[in-house]
Amino acid sequence: MTDTEAERQRIRAAHLRPAAERPASTARGLHHTALISSDVERTVRFYQDLLGFPLTELIENRDYAGSSHFFFDIGNGNLLAFFDFPGLDVGPYAEVLGGLHHVAISVEPDRWHVLVARLGAAGVEHVVHSEVSVYFRDPDGARLELIADPLGEMYGNQVL
């Protein structure tokens, strides 16, 4: 057994409880995850027109005058949100330690196949993994995953 696996097992033994013994979460769910958009309309076309996530609202960002805050419905009462910051050089997307790695969004298996085909037809580079996940980047470089596994399950393992 590697040191990494031993450490993982130690953490599981110390902190992971069987479902029946876990307290209820203090959270109601993920209200939204906010990403950065360098072009509002291009982002809307990508998420709404290509991926099929309806735009639900477009308002001014209360924290930065002139900036937009806009939202897409990703099902189950969850939202994917974006900010743009006109006039502010936020630089290109970068994955950094402690930063966002990817956003995984569950879709029905039949819909997953349609979306993978759409990505290909639109020329969006993507990688299919385990025949249930597809990884790709949005127009600003954020990494996304569409996964055909049900919520609370990943590659046949119950994670919730």
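These legends go with a set of close-up views of a predicted model.

**View 1. The whole chain, to get your bearings.**
Start with the full protein, which has three helices and 10 strands. Walk along the sequence and the elements come in the pattern α-β-α-β-β-β-β-α-β-β-β-β-β. The C-alpha trace spans about 50 × 35 × 30 Å along its principal axes. Of the 160 residues in the protein, 29% are buried. The accessible surface adds up to about 10600 Å², and carbon and sulfur atoms account for 54% of that. Take the contacts between residues at least 6 apart in sequence: 46% of them join residues at least 24 apart.

**View 2. Helix α1 and its charged pairs.**
Here we zoom in on helix α1, which covers residues 3-15. Side chains of opposite charge can pair when their charged atoms come close. One such pair is E5 and R8, a salt bridge whose closest N and O atoms are 2.6 Å apart. E5 and R8 sit three residues apart in α1, so about one helical turn separates them. Another pair is R10 and E7, with closest N and O atoms 2.8 Å apart. R10 and E7 are also three residues apart in helix α1, again about one helical turn. Why does that spacing suit a pair? An α-helix has 3.6 residues a turn, so residues three or four places apart point the same way. How accessible are the partners? E5 is partly exposed at 27% relative accessibility, and R8 is partly exposed at 45%. R10 is partly exposed too, at 46%, as is E7 at 36%. Counting across the model, there are five salt bridges.

**View 3. R42 and D140, a link across the sequence.**
This salt bridge joins R42 to D140, with the closest N and O atoms 2.9 Å apart. The two residues come from distant parts of the chain, 98 residues apart. R42 belongs to helix α2 (residues 40-50), while D140 lies in the loop between β7 (133-137) and β8. R42 is partly exposed, with 27% relative accessible area.

**View 4. Helix α2 from end to end.**
Now stay with α2 and look at its other residues. The buried ones include V40, T43, V44, F46, Y47 and L50. What caps the N-terminal end of the helix? D39 does, with a side-chain oxygen 3.2 Å from the backbone nitrogen of E41. After α2 comes G52, whose phi is positive, near 85 degrees.

**View 5. P54, in the loop after α2.**
P54 is found in the loop that runs between α2 and β2 (55-60). With a relative accessible area of 39%, P54 is partly exposed. Which residues touch P54, once neighbours within four places in sequence are set aside? They are Q48, F71, F72 and D73. For a sense of distance, P54 and E153 are 25 Å apart, C-alpha to C-alpha, and 99 residues apart in sequence.

**View 6. D149, a buried acid without a salt bridge.**
D149 sits in the loop between β8 (143-147) and β9 (153-154). Although D149 is buried, it has no salt bridge. How far away is R12, the nearest side chain of opposite charge? It is 16 Å away, and a salt bridge needs the atoms within 4 Å, so R12 is out of reach. What the side chain of D149 does reach is the backbone nitrogen of Y155, at 2.5 Å. Leaving out neighbours within four places in sequence, D149 is in contact with S106, V132, M154, Y155 and G156.

**View 7. A nonpolar patch on the surface.**
M154 and Y155, both contacts of D149, turn up again here. Together with V159 and L160, they make a nonpolar surface patch of about 410 Å². M154 is in strand β9 and is partly exposed, with 35% relative accessible area.

How values were computed
Residues are numbered from 1 along each chain as its sequence is written. This is a predicted model: local features need pLDDT of at least 70, side-chain atom pairs count only at pLDDT 80 or more; totals for chains, interfaces and linings use all residues. Side-chain values use heavy atoms; hydrogens and water are left out. Helices (H or I, at least four residues) and strands (E, at least two) are DSSP runs, numbered from the N terminus. Buried means under 20% relative accessible area, exposed over 50%, partly exposed in between (1.4 Å probe, protein chains only). Lys and Arg count as positive and Asp and Glu as negative; His and the chain ends are not counted. A polar contact is a pair of N or O atoms within 3.5 Å; within protein, one must be able to donate a hydrogen and the other to accept it, and residues adjacent in sequence count only if both atoms are side-chain atoms. Contact means heavy atoms within 4.5 Å. Patches are made of residues with over 30% relative accessible area and no salt bridge: like charges are joined within 9 Å, nonpolar side chains (Val, Leu, Ile, Met, Phe, Trp, Tyr) within 5 Å. Accessible areas come from the Shrake-Rupley method with a 1.4 Å probe; for residues, only the protein chains shown count as cover.
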